[in-house]
Each structure stands twice: as structure tokens, then as C-alpha cells.
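Here are my notes on the model you sent over. I've kept them to numbered points so you can follow along in the viewer.

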Amino acid sequence: MIKHIHLILTIFILSLISTSSYAHHLIVRNAWIPEAPPVTSVMAAFMSIENSSKRDIEIISISSRDFDRIEMHLSKEDNGIARMIPQATLTIPANGKLTLEHGSYHLMLYKPRRPLKDGDTSELVIKLDSGDSFKVEFTIEKSAMQMDHSKHQH
Ligand SMILES: [Cu+2]
């Protein structure tokens, strides 16, 4: 029964493939990547993740065949300067939600290995502290709010 509900929910937004005990407590919504110019060397990714379990769940790493490297960042304003602070882990709170969005937590996708245009999808593999990992399909979308990396300092 739980598996069945899980399937219905995942069809809505993503393909969540896992045999794990923790990943099935997670629901990912709005997983998207703003389209970037073809010459770009870095893209951002956003999503929200809900955790229906009674335990905090940590994301310990993220990878994809489509990128050389993926980092987890937190954007912060510091005296008017936008800074991005790399995060070793991201916490999805018990019975709560983690939101990755502009100006807050986000993923940084370095060196795309193929062109990713509006409407394309890219699969990211999210690894949890429990040892489980699951796949999330991100959709590339045109956005008026593209990250301006020239204004960001790492
Ligand atoms: Cu960043």
C-alpha cells in the first residue's frame, strides 16, 4: 500500500527510484534548473523536499552524469554582497521541508557535459546519510530570474 501511494506521488513530479528505508519518506517537488547560455560553465538547481519521517534526513552528496561536479550552497547577503557558502550537507527536517530556491539553499552544477535547453531533463542522484540514494529528474526551464554568477563570490 505504501509503495502504491509512493508511486502515485512520484508520477506527479519525479522518478524516485529507491529500495531504501528512508528515501521513500521524501517527496520532491518543483525540481528545476534555470536554462543558461550555452557557453555557461555552471548552472543552478532548485527543488523542495518534504520529509514525512520522524527523523532528520541529511543529503550528503549529489552527482549526475550531466555534470562534472555538484555542490550544495547557501546564498547569503553580506553587506550588500551576495555570497555562496558551500554546505557539506543539507538537512531535510523531520516532518518538515527543505526548500532550495533563489537567495537561499541551492545546488551548483559545474561543467555541463551536454547542452541542456528549455524542456530538457537532467537526472541527479541524491545520496543520503542513511546510505540510500535516489534519482530526481530536473526539468530545464527558461527563467527571468537566472542567477547572475558575476555578482556572486564563492
Ligand atoms: Cu552557488
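**Notes on the model**

1. Let's begin at an outlying spot, bearing in mind that this is a predicted model. Asparagine 79 counts as exposed because it has just 5 C-beta neighbours inside 10 Å, and the cut-off for exposed is 12 or fewer. You'll find asparagine 79 in the loop between β4 and β5. Its backbone is worth a glance too: phi is positive, about 55 degrees, although the residue is not a glycine.

2. Asparagine 30 also has a positive phi without being a glycine, in this case near 50 degrees. This asparagine sits in strand β1. Is asparagine 30 exposed or partly exposed? It counts as partly exposed, because 16 C-beta neighbours fall inside 10 Å.

3. Now the overall layout. The protein has 1 helix and 10 strands. Reading from the N terminus, the helix comes first and the strands follow, in the order α-β-β-β-β-β-β-β-β-β-β. Of the 154 residues, 27% are buried. Among contacts with a separation of 6 or more, 68% are between residues 24 or more positions apart.

4. Strand β8 (residues 105-112) is a good one to click on, since two of its pairings can be followed here. With β2 (residues 42-51), β8 pairs in the antiparallel sense over 4 bridges; methionine 43 has leucine 109 of β8 as its bridge partner. With β4 (residues 67-78), the pairing is again antiparallel, over 7 bridges. On that side, phenylalanine 67 stands opposite proline 112 in β8.

5. At the other end of the chain, look at β10. It runs antiparallel to β9, and 7 bridges join the two. Isoleucine 126 stands opposite phenylalanine 134 of β10. The hairpin of β9 and β10 has 4 residues between the strands, and glycine 131 there takes a positive phi near 100 degrees.

6. β10 also pairs with β1, this time in the parallel sense, over 3 bridges. Proline 34 stands opposite glutamate 141 in β10.

7. Which residues of β10 lie on its covered face, and which on the uncovered one? Phe134, Val136, Phe138 and Ile140 make up the covered face. Ser133, Lys135, Glu137, Thr139 and Glu141 make up the uncovered one. That fits the usual rule: side chains in a regular strand alternate between the two faces of the sheet.

8. On to the inside. The largest nonpolar core contains 31 residues, and those with the most contacts within it are Ile33, Ala44, Ala45, Met47, Leu107, Leu109 and Val136. Strands that each supply at least two residues of this core include β1 (26-34), β3 (57-63), β6 (90-92) and β9 (121-128), along with β2, β4, β8 and β10. The most comes from β2, which gives 6 residues. Two names here should be familiar: Leu109 is the partner of methionine 43, and Val136 belongs to the covered face of β10.

9. Last, arginine 83, which is in strand β5 (residues 81-87). How many C-beta neighbours does arginine 83 have inside 10 Å? There are 14, so arginine 83 counts as partly exposed. Histidine 73 is 10 residues away from arginine 83 in sequence, and the two are 9.5 Å apart in space, C-alpha to C-alpha.

Conventions: Residues are numbered from 1 along each chain as its sequence is written. This is a predicted model: local features need pLDDT of at least 70, side-chain atom pairs count only at pLDDT 80 or more; totals for chains, interfaces and linings use all residues. Two strands pair if DSSP finds at least two bridges between them. A nonpolar core is a set of buried Ala, Val, Leu, Ile, Met, Phe, Trp, Tyr and Cys residues joined through C-beta atoms within 7 Å. A residue is buried if 20 or more other C-beta atoms lie within 10 Å of its own, exposed if 12 or fewer, and partly exposed in between; C-beta atoms are placed from the backbone. Two residues are in contact if their C-beta atoms, placed from the backbone, lie within 7 Å.
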